[in-house]
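Open the model in your viewer and keep the sequence panel visible. The tour goes from the whole chain to a single residue.

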Amino acid sequence: MKSESVPATSTLPDSRGLNFFQADPGFDGLMQLYLPPDLHAHLRPHFVKLGALAGAELDGLALAADRNPPQLHSRTRSGEDRQWIEKHAAYRRLEEVAFSDYGLAAMSHRGGVLGWPQPLPPLAKYALSYLYVQAEFGVCCPLSMTDALARTLSRFGDASLVARYLPGLTSQDMDTLTQGAMFMTEQGAGSDVGATATRAVHGEEGWRLYGDKWFCSNADAGVALVLARPDGAAQGTQGLSLFLLPRLLPDGSPNCYRILRLKDKLGTRAMPSGEIRLEGALAYLVGDPQRGFVQMADMINLSRLSNGMRAAGLMRRALTEALFWARNRVAFGKRLIEMPLMQRQLLKLMLPTEAARSVMLYTASQLAAADGGDDAARRRVRLLTPLLKFRACRDARRVTGDAMEVRGGCGYIEEWSDARLLRDAHLGSIWEGTSNIVALDALRAIRKEQALDALLEGLPVDEHLTRAARFADEADEAHARQAATSLYYASAAAILSREGERLPRRRRLAELVRQHWLEPRDPLQNTPPPHLDLLDE
Ligand SMILES: Cc1cc2nc3c(=O)[nH]c(=O)nc-3n(C[C@H](O)[C@H](O)[C@H](O)COP(=O)(O)OP(=O)(O)OC[C@H]3O[C@@H](n4cnc5c(N)ncnc54)[C@H](O)[C@@H]3O)c2cc1C
């Protein structure tokens, strides 16, 4: 008997192919607000194109790269000792789009990227990276480290070192590109960097490094910044010097270090993080030998800001997916978005997402002013960076998890983006400083750099910001996270309010941020119904 074939049909909405820039109409309004008109007009077509790529090709590549993690090889088939990391073609294409097509690591350091004659301002870099990271998070780590290393080297390295390495770090040609990394963490020295045991020994040929680095992301990078203690130097962070470690020696042979193994990670599975043993590796001193840690902090802070941007981007991706699903999935004869309880949940995803985006964009605008010599802006960035890194990374864990649930059972399945986003989001809070460490750093910025005064001078101050600032100013160590949380949301509300002068929807988001995180609430009181039109954007 002939069997009847049942045509394969699906009632599930599929977001693949969505343009992440156009699906997020509020973003362009913000770009018009924060970017000068000529730069906005120049970049807009790039936003549209990258938004389309991220929602289609890059998303597919990210899925494939995640499923095919890198492999470490230590010998050639003919028995020659040579190490290399094999990366999947999908990962290499993701690198190419980021480093080469869009020049995301180069654009802050030289003109000519994306047809703009000068170096592009931090806002442009973060806005483009914010779109890119909605598809792929892992590559953003090498990208950010290459960008941050170029900056730290340019600021502190001597002219010959800069001349030798900066062109490779800022290249858009994949054959001449030198990627950057940061090898700092040791088994005995993670948060407690002052316990670093790696030795730096000075001899006739220069500096040689000996020791084990326990977490080295982008393990096969062309150059890495490394903290080590010269023999005889003081204990603690004061005795640490900063070194540039090339993968290859000037004659092209491998430097004296080995990747012992790659980590088997929860997230960022496509990007190789390894353990490295330095066995007398040649390295070049960067800047003042007494200020190694202070100089490294420059790179760490820029990486933390980038980390905050990535958390904001992950939340936006999660929200875009949740909104898409809720608008198109039908249950009980209605679209999910028509159901009051779902509307509240969507709004709860939207608030931290919008707060993070505003803090990120404002901080990026202040970074441009700081680089132009504005000291108050520098102090603002100094404080906003740990606030964003701390709170946005924590919020991203929740938002990606809750957005997963909006998709129901499919959300839990690896073919969709939700599981990958959730796994990646959990890393943000751990690397480049855990939540506790970064919250404590925000208090340090307040105590040591008068950063609170600068923050308040720059924002429209209301009673919530005044209270949060006072609380943070007086907070002891045990309350560092509470202080950082309230100062972050009070700052976010102030930034949203100011954006609201031109974009009225953002003033209403500011009100909700205050209600939700800064005002006392009775858990048994009915709250007013959510502003549903906020979900339209
Ligand atoms: C996937 C991945 C990639 C990484 N890539 C890199 C890299 O490329 N380069 C690099 O240098 N490092 C890298 N790291 C390391 C990362 O930055 C460290 O793991 C992190 O800084 C924490 O250090 P630790 O693991 O030693 O934890 P610990 O320092 O032992 O911390 C353990 C816990 O104690 C808490 N704690 C520590 N001190 C205090 C305190 N004073 N008060 C309150 N709580 C405290 C921490 O918050 C944390 O919760 C990577 C980590 C991961 C997971």
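The stops below start with the overall fold and end at one loop position.

**Whole chain.** Select everything and show it as a cartoon. This is a predicted model. The cartoon should show 16 helices and eleven strands. Along the principal axes, the C-alpha atoms take up a box of roughly 80 × 75 × 45 Å. The radius of gyration is 24 Å, which agrees with the value near 24 Å for a compact globule of 537 residues.

**Surface and interior.** Now switch to a surface view. The accessible surface is about 22,600 Å², and carbon and sulfur atoms account for 52% of it. Of the 537 residues, 57% count as buried. Contacts between residues at least 6 apart in sequence come next: 73% of these join residues at least 24 apart.

**Charges.** Colour the charged side chains by sign. There are 65 positive and 64 negative charges, and their mean positions lie 2 Å apart.

**Asn68.** Go back to the cartoon, select Asn68 and show its side chain. Which elements flank Asn68? The residue sits in the loop that runs from helix H3 (57-67) to strand E1 (71-75). Asn68 has a relative accessibility of 34%, between the 20% limit for buried and the 50% limit for exposed, so Asn68 counts as partly exposed.

Add Ala64 to the selection: the Asn68 side chain reaches the backbone oxygen of Ala64 at 2.7 Å. Then add Ala90, which is 22 residues from Asn68 along the chain; the two C-alpha atoms are separated by 8.8 Å.

Methods
Residues numbered from 1 in each chain as written. Predicted model: local features only at pLDDT ≥ 70, side-chain atom pairs only at ≥ 80, totals over all residues. Heavy atoms only, no water. Helix = DSSP H or I, 4+ residues; strand = E, 2+ residues; numbered from the N terminus. Rg over C-alpha atoms; globule rule 2.2 N^0.38 Å. Buried < 20%, exposed > 50% of the residue type's maximum accessible area, 1.4 Å probe, protein only. Contact = heavy atoms within 4.5 Å. Areas by Shrake-Rupley, 256 points an atom, 1.4 Å probe, with all protein chains shown as cover. Lys, Arg positive; Asp, Glu negative; His and termini not counted. Charge placed at Lys NZ, Arg CZ, Asp CG, Glu CD. Polar contact = N/O pair within 3.5 Å; in protein donor to acceptor, adjacent residues only side chain to side chain.
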